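Notebook open, coffee poured. I'm going through the binding-site annotations first, then the empty spaces, then a few odd residues.

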Amino acid sequence: MLNIGCHLSTTKGFYNMGKEALSIKANTFQFFTRSPRGGKAKDINEDDINKLRDLMNEYNFSKILAHAPYTLNACSKDESTRKFAFEIMEDDLKRMEYIPNNLYNFHPGSHLKQGSKIGIEFISEHLNKLLKKEQTTKVLLETMAGKGTEVGRSFEEIAEIISRIELKKHIGVCLDTCHVYDAGYDIVNDLDKVLEEFDTIIGLDKLCAIHLNDSKNPFNSHKDRHEKIGEGSIGLNAITKIINHPKLKDIPFYLETPNKLDGYKKEIEILRNAYND
């Protein structure tokens, strides 16, 4: 089965996100834990979350993916910014335990000309303080396109962070197709080689989610501009190969394309028709 969903708004609540996912033939979804800018999260509505959990069980949902606010920077040179990132993520992970055994994704951050080595040290220290033995949520480092001073622009940088983590069972990776293509990994012409490289450097056992996006920019551009499926430089043919690759078929895919619900519905239909059961 193709496990696929898209990014949905939490405005109407968790149960309604689940119903929206079903309405577009999705069996998972992604959501922001709070405003993308990192404001206060809404109060937990346990009844709403319990209804979502029942719905997910009834319809055999794949794992859902929470996304941390974009503004968090765990490797900033500013201590107060790093503290803010920690406090938000700590609160998010407590809240995620209301929907246990799911995924939480974040952008590693930007080292702001301190150098990637220092950035990696800050991120790994941050995660070692954050992760708890008893948690059920897996925290995912997202692969980045490499614009500016982003950390996570290469498999080596992601692997270096993971190597420093004490509770490794709680850490994984979310691979973004637009980001890795823009970063210089040729998933269009040599997907097998990219996956072999990922497996050698990080390990495919750490790959827990895929952001499935086309790219507005050409290969190795380091720009990070998502495009609708089949309308960018990656193209539908390459994306079809990704969803059907035997090493990736069991991993959940999350669309972050520039769409509203009807657009996501069309993309999911296209991808389900392209999927080889």
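Before anything else, a note on element names: helices (H or I, at least four residues) and strands (E, at least two) are DSSP runs, numbered from the N terminus. I'm working on a predicted model, where local features need pLDDT of at least 70 and side-chain atom pairs count only at pLDDT 80 or more, while totals for chains, interfaces and linings use all residues. Residues are numbered from 1 along each chain as its sequence is written, and side-chain values use heavy atoms, with hydrogens and water left out.

**Entry 1: the first annotated set**

I pulled the UniProt annotation "binding site" from an unreviewed entry, and it covers Glu142, Asp176, His211 and Glu256. These are spread over 115 residues of sequence, yet they cluster in space, with a largest C-alpha distance of 13.2 Å. Caveat to self: UniProt positions are given in the numbering used here, feature names are shortened, and annotations may be inferred rather than shown by experiment.

I looked up His211 and found it in strand β7, residues 207–212. Is His211 buried or exposed? It counts as buried because its relative accessible area is 0%; buried means under 20% relative accessible area, exposed over 50%, partly exposed in between (1.4 Å probe, protein chains only). Leaving aside neighbours within four places in sequence, His211 has contacts that include Glu142, Asp176 and Glu256, where contact means heavy atoms within 4.5 Å. The side chains of His211 and Asp176 also make a polar contact at 3.5 Å. For that term I use a pair of N or O atoms within 3.5 Å; within protein, one must be able to donate a hydrogen and the other to accept it, and residues adjacent in sequence count only if both atoms are side-chain atoms.

Glu256 sits in the loop between β10 (253–255) and α9 (261–274). I have it down as buried, because its relative accessibility is 12%. Beyond four places in sequence, Glu256 touches Asp176, His211 and His226, among others.

**Entry 2: the second annotated set**

The same kind of label, "binding site" from an unreviewed UniProt entry, covers His179, Asp224 and His226. Here the sequence spread is 48 residues, but the three cluster in space, and the largest C-alpha distance is 8.5 Å.

His179 is placed in helix α6 and is buried, so says its relative accessible area of 1%. Its contacts outside the four-place window are Glu142, Thr143, Met144, Ala145, Asp224 and His226. The His179 side chain reaches the backbone oxygen of Thr143 at 2.8 Å.

His226 is in strand β9, and at 18% relative accessibility it counts as buried. What does the side chain of His226 pair with in a polar contact? I found the side chain of Asn213, at 3.4 Å. The contact list of His226 includes Asp176, His179 and Glu256, so I get residues from both annotations in it.

**Entry 3: pocket and cavity**

Rolling a probe the size of a water molecule over the atoms shows where empty space is left. The search runs on a 1 Å grid over the protein atoms alone: a cavity is a set of points where a 1.4 Å probe fits but cannot get out, and a pocket is an open set with protein on both sides within 12 Å along at least five of seven lines; lining residues have an atom within 4 Å of a point. Grid points are joined across faces, edges and corners, and a volume is the space filled by probe spheres set on the points.

The largest pocket comes out at about 330 Å³. It has 21 lining residues, with Thr10, Phe14, Thr33, Lys42 and Arg95 nearest its centre. Helix α3 gives the largest share of that lining, three residues.

I found one cavity of 30 Å³ or more in the whole structure. The largest cavity holds about 70 Å³, and α7 supplies the largest share of its lining, three residues.

**Entry 4: odd backbone angles**

Asn60 has a positive phi of about 55° although it is not a glycine. I place Asn60 in the loop between α2 and β3 (65–67), and it is exposed at 55% relative accessibility. His222 also shows a positive phi of about 55° without being a glycine; its relative accessible area of 29% makes it partly exposed.
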